[in-house]
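Reader: I'd like to walk through this one feature by feature. Could you give me the general idea each time, and then the case at hand?

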Amino acid sequence: MSDALTVPVVHLLKAGVLYQSDAPAVWEQITSHQAAIGDYLSVIGLDVVIDRAEGYAYVRQQDLDSRDDGVPVPRLVTRHRLSFPVSLMLVLLRGRLADGDADSADPRLVLTRDDLVEMIRSFLPPRSNEAQLVDQIDAHIKKLVDLKALRQTKQTSTYEVRRHIKALVDAQVLNDFNDLLATYRDAASAKDDT
């Protein structure tokens with residue numbers, strides 16, 4: 001591997017998701033050497049994904065179907081099994097990001113901890129102890145920070161929703177979720193009527 005590729009490849013493998021705003025010099029190397037980085041990573045069964053419009057890049061495991069030789073490669077990128085509340089929060093955050101993109105010229109979506117708690121609270125089973133519920137939601141928020149879907153800002157209890165959520169939760173998943181919610185709402189209202 002050439003010296004010009006070492007730094008961007010190591011950053012991509014370590015960062016999980018690398019944002020242009022977080023490392024402008026590395027971002028420039030990634031975009032300048034995109035083809036060479038892609039060729040190198042494909043040898044170890046990875047694809048590089050670069051979204052120039054949103055300003056982020058990451059690596060993902062190749063599908064077996066996308067490999068020319070059809071030889072299965074051991075999984076290098078770790079898969080994370082997410083709990084239902086964390087998955088639900090990702091979908092809800094993706095919806096809020098879409099709404100924010102439609103309503104505002106600001107590319108950043110910043111939410112407070114209270115916003116996040118209120119967003120998910122109605123979807124979780126009620127608890128007799130409100131503090132336990134909020135503690136549980138805080139644990140889900142921490143998981144999303146660990147997954148880099150949220151980034152804590154310099155303000156206390158304020159989080160930026162990261163743009164790569166669009167790659168994790170695409171428009172089809174969002175649409176399917178909205179259809180599922182509509183089905184649940186219809187079933188709940190039919191139950192209330194009887």
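Author: Sure, let's start with strand pairing. Two strands count as paired if DSSP finds at least two bridges between them. Keep in mind that this is a predicted model. Here, three bridges join strand β5 (residues 150-152) to β6, and the two run antiparallel.

Reader: What do β5 and β6 form, and which residue in the turn has a positive phi?

Author: They form a hairpin with five residues between the strands, and Ser157 in the turn has a positive phi of about 60°. Across the pairing, Gln152 stands opposite Tyr159 in β6.

Reader: Which way does β6 run relative to β4, and how many bridges join them?

Author: β4 and β6 run antiparallel, with four bridges joining them. Tyr159 turns up again here, as the bridge partner of Leu111.

Reader: Next, side chains on a strand. Which residues point which way from β6?

Author: The general idea is that in a regular strand the side chains alternate between the two faces of the sheet. In β6, Thr158 and Glu160 point one way, while Tyr159 and Val161 point the other way. Every one of these four is buried.

Reader: A buried Glu catches my eye. Which side chain does Glu160 meet in a salt bridge?

Author: First the principle: side chains of opposite charge can pair when their charged atoms come close. Glu160 meets Arg108, at 3.5 Å from N to O. Glu160 lies in strand β6 (residues 158-161) and Arg108 in the loop between α4 and β4 (109-112), so this pair ties together parts that are 52 residues apart in sequence. As for exposure, Glu160 counts as buried because its relative accessibility is 8%, under the 20% cut-off. Arg108 is partly exposed, at 43%.

Reader: Which residues are linked with Glu160 and Arg108 in a network?

Author: Asp22, Arg151 and Arg162 are linked with them in a network of salt bridges.

Reader: How many salt bridges does a search of the whole structure find?

Author: The search finds 14. One of them joins the side chains of Glu54 and Lys166, at 2.9 Å from N to O. Glu54 lies in the loop between β2 and β3 (56-61), and Lys166 in helix α7 (residues 165-168), so the contact ties together parts that are 112 residues apart in sequence. Both ends are partly exposed: Glu54 has a relative accessible area of 22%, and Lys166 has 23%.

Reader: Which other side chain meets Lys166 in a salt bridge?

Author: Asp101 does, at 2.9 Å from N to O. Asp101 lies in helix α4 (residues 84-103) and Lys166 in helix α7, so that pair ties together parts 65 residues apart in sequence. Asp101 counts as partly exposed at 29% relative accessibility.

Reader: On to aromatics. How many aromatic pairs does the search find?

Author: For these, look at the ring centres and then at the angle between the planes: under 30 degrees counts as stacked, over 60 as edge-to-face and the rest as tilted. The search finds two pairs. In one, the rings of Tyr19 and Tyr56 have their centres 5.8 Å apart and their planes at 50°, so the pair is tilted. This pair links distant parts of the chain, with Tyr19 in strand β1 (residues 17-19) and Tyr56 in strand β3, 37 residues apart. In the other, the rings of Tyr56 and Tyr58 have centres 6.2 Å apart and planes at 20°, so the pair is stacked.

Reader: Are the tyrosines of that cluster buried or exposed?

Author: Tyr19 and Tyr56 are both buried, Tyr56 at 3% relative accessibility. Tyr58 is buried too, with a relative accessible area of 15%. Ring pairs link Tyr19, Tyr56 and Tyr58 into a cluster.

Reader: And on the surface, which residues form a nonpolar patch?

Author: Tyr40, Val43, Ile44 and Leu76 do, with about 360 Å² of accessible area together. Ile44 is in the loop between α3 (34-43) and β2 (46-51). Its relative accessible area is 32%, which makes Ile44 partly exposed.

Reader: Last thing, confidence. Which element has the lowest mean pLDDT, and which the highest?

Author: As a rule, where pLDDT is low, the predicted coordinates should not be read in detail. Helix α8 (residues 171-193) has the lowest mean, 75, and β6 the highest, 95. The protein averages 85, and 90% of the residues score at least 70.

Methods. Residues numbered from 1 in each chain as written. Predicted model: local features only at pLDDT ≥ 70, side-chain atom pairs only at ≥ 80, totals over all residues. Heavy atoms only, no water. Patch = residues over 30% accessible without salt bridge, like charges linked within 9 Å, V, L, I, M, F, W, Y side chains within 5 Å. Areas by Shrake-Rupley, 256 points an atom, 1.4 Å probe, with all protein chains shown as cover. Salt bridge = Lys/Arg side-chain N within 4 Å of Asp/Glu carboxyl O. Buried < 20%, exposed > 50% of the residue type's maximum accessible area, 1.4 Å probe, protein only. pLDDT = per-residue confidence, 0-100. Phe/Tyr/Trp six-rings, centres within 6.5 Å; stacked < 30°, edge-to-face > 60°.
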